[in-house]
Amino acid sequence: MNVDKPTALETRGRRHPTTHPRAHRPWHFRTVVGVVFVIMAASSAPSPLYGLYQQQWHFGTTTSTIVYACYALGAILTLLLAGGLAEHLGTQRTIVVALVTIVVSFLAFLLATGAWALCLARLVQGVAVGLLTSSAGPALADLHRNRSHQAAAAANSAATSTGIALGAVFSGLAVQFAPAPLVTPFVVLAVLSLGGLGLVQAIPAWQTVPARPRPWRPRVLRMGAEPRGTLLRVTPLVTAGWAVVGMYLALGVDLVAGLLHTSDRALSSLVILVVQGCGGMAPMLLRRLGDRAASVTGCALLVLGVGVSVIGFDTAHAVLFFCGAAITGAGFGLSFMGSTSTVTAAVIAGGHPQLLPGFFALAYLAVSVPVVALGAAASRFGVAAAFSWFGLLAGLLAVVAGAVAVRRRRPESQPGWAAAGQQSQ
C-alpha cells in the first residue's frame, strides 16, 4: 500500500486528512488498544463499590441508579454534542483529552464526600468515554499495519469487553481484599492512564492537524442521508447486543447471589467477567469473519445464550446459567465487532466522521435504558420476573437483528466500499 496516497477521507474534503508520514510500528496500534481497555475498565470499576458507598453515606438503590445514569448521560451528551471534536483536533489529541479527563474523574472519586460527588465523578467519566469512543475506531484503523477496518473493529470490541469485565472484577477483589477498597482501584487506574497518556503522545503523528486549531464549540450531531442509512441498518444489531449487556449489568450480580446463596460481591461479579470476557475473546478468535457473518453469528448466539441463561436460572442450575452467560457474551462480542466494522468501513470509504459518535451514542442508550428500567422493574416485580421477561424481549430483538443482517447487501456491492477494501489490503 502506498502510505502517501490520499485516503477517501481526504477526497471528501475532511478538514484534517489522514496521512502516514512514516510506517507505524505494532506498539502504536497496541497502545491505543490498551488505552481503550483502561478507560473501559475505569467505566465499570465503580459498580462493585456502590455497596460500600451506600454504607458510608446511607443512600439506597435508587440513588445508585441515578449515579449510573449520570455516567450514561455524560457519554451520550458528549457523543451527540462533541462527537466532531476528533475531526477538529485529530484523533490523537482527542485520545489525549480523554485520558486527561478520566484522570480527573479518578480525582473526583477519591475526593468524593457524598452521592452528589459520585454523580459528578461518573458524569466526568462518561465524558471521557464519549471522547474515546468517537476517536478510537478511526485511530485503530489508521495505525493498523494494513489499514484493516475489520482488524481494528475486532481489537476495539475485544478491548471494550475485556476492559469492562476486568475493571468490575478488579474492584470486586479490592472490596474483598484491599485495605482501602475505595482508593486502590482509582490509584491503579490513574497510574495506567498516565502511562497510556505518555505512550500516546510518543506515537508519531498519524494525522495532519493545524498546530493551533481554530476555536471550537459544541454542535448537535447531524448526519446526512447516507450515514443515517448506515446507522439505521445496524440499529437492531447494536440495540440487541447492548441491551443484553445491560440486562446482565443490572441483574447479573443479584441473580448469581441467589443461585449460589452468597453475599460475596466478588464471587457474584463473576457473571460480568464471563459475559464480557467471552465478549472480548470471541472477536479475537473469529476476527477473520466478515461483517455480515459476524453479525448473523452474533445474533444467533445472543438468542441461544439468553435462552440457556433463563432456563438455568428458572431451574436453579448455576452451571447452565453461566454457560448461557458465556454464549451470550460471545454473541455480544461478534455482533459488536460486525456492527463496528460496518460503521468504521463506512467512515473510511465515505468520509462521514459523524457516524461513529452517532453509533456509540446509540450503543450507550441501548445499554443504559435497560439498566435503569430493570433496576426499577426488579424492585417492583422481583429479579426473576424481570430477568425472564426482559430476556424474552431481548431474544426476540436479536432474532429481528439477525434477519436484518442476513438481508443486508454485501459490502462490496455498496458504493464506496470497494475503495475501503482496497485500502485495507
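Guide: Before we start, helices are DSSP runs of H or I with at least four residues, strands are E runs of at least two, and both are numbered from the N terminus. By that rule, the protein has 17 helices and 0 strands. Residues are numbered from 1 along each chain as its sequence is written, and side-chain values use heavy atoms, with hydrogens and water left out. The model is a predicted one, where local features need pLDDT of at least 70 and side-chain atom pairs count only at pLDDT 80 or more, while totals for chains, interfaces and linings use all residues.

Visitor: How do you know which parts the predictor is confident about?

Guide: Look at pLDDT, the predictor's confidence in each residue, from 0 to 100. The protein averages 81, and 86% of the residues score at least 70. Over residues 1–21, though, the value is below 50, and this stretch has 48 contacts beyond near neighbours in sequence (a contact means heavy atoms within 4.5 Å). Residues 410–425 also stay under 50.

Visitor: Let's try a residue. Where is Gly 395, and what makes it buried or exposed?

Guide: Gly 395 sits in helix α16, residues 383–407. Buried means under 20% relative accessible area, exposed means over 50%, and partly exposed is in between (1.4 Å probe, protein chains only). Gly 395 comes in at 13%, so buried is the right word. In space, its C-alpha is 9.8 Å from that of Gly 241, although the two are 154 residues apart in sequence.

Visitor: What about Ser 309: buried or exposed?

Guide: Its relative accessibility is 0%, so Ser 309 is buried too. This serine belongs to helix α13. Apart from neighbours within four places in sequence, Ser 309 touches Tyr 248, Phe 321, Gly 324, Ala 325 and Phe 387.

Visitor: How do you know whether the length of helix α13 agrees with what is expected?

Guide: The expected span is 1.5 Å times one less than the number of residues. Helix α13 has 24 residues (291–314), so it should span 34 Å, and its end C-alpha atoms are 35 Å apart, which agrees.

Visitor: What makes Ala 316, just after α13, worth a look?

Guide: Its phi is positive, near 55°, and it is not a glycine. Most residues other than glycine have a negative phi, and most peptide bonds are trans. Ala 316 lies in the loop between α13 and α14, and its 59% relative accessible area makes it exposed. His 58 also has a positive phi, about 60°. That histidine is in the loop between α3 (50–57) and α4 (61–82), and at 69% it counts as exposed.

Visitor: Why is Val 104 called partly exposed?

Guide: Its value is 42%, which lies between 20% and 50%, so Val 104 gets the middle label. Val 104 is found in helix α6.

Visitor: Why is the pair of Phe 106 and Phe 186 called tilted?

Guide: Rings of Phe, Tyr and Trp (its six-membered ring) pair if their centres lie within 6.5 Å; planes under 30 degrees apart are stacked, over 60 are edge-to-face, and the rest are tilted. The structure holds 15 such pairs. Phe 106 and Phe 186 have centres 6.2 Å apart and 40° between their planes, so they pair, and they are tilted. Phe 106 is in helix α6 (residues 91–110) and Phe 186 in helix α9 (residues 184–202), 80 residues apart. Both Phe 106 and Phe 186 are buried.

Visitor: And what makes Trp 242 and Phe 332 edge-to-face?

Guide: Their ring centres are 5.1 Å apart and their planes stand at 90°, so edge-to-face fits. Trp 242 is in helix α10 (residues 225–260) and Phe 332 in helix α14 (residues 318–350), so the pair ties together parts that are 90 residues apart in sequence. Trp 242 and Phe 332 both belong to one aromatic cluster, whose members include Tyr 68 and Tyr 71.

Visitor: How do you know whether Cys 70 is in a disulfide?

Guide: A disulfide is a covalent bond between the sulfur atoms of two cysteines. Here it is recognised as a pair of cysteine sulfur atoms within 2.5 Å. The nearest cysteine sulfur to Cys 70 is that of Cys 119, 3.8 Å away, so Cys 70 is in no disulfide. The whole structure turns up 0 disulfides. Cys 70 is buried, at 17%.
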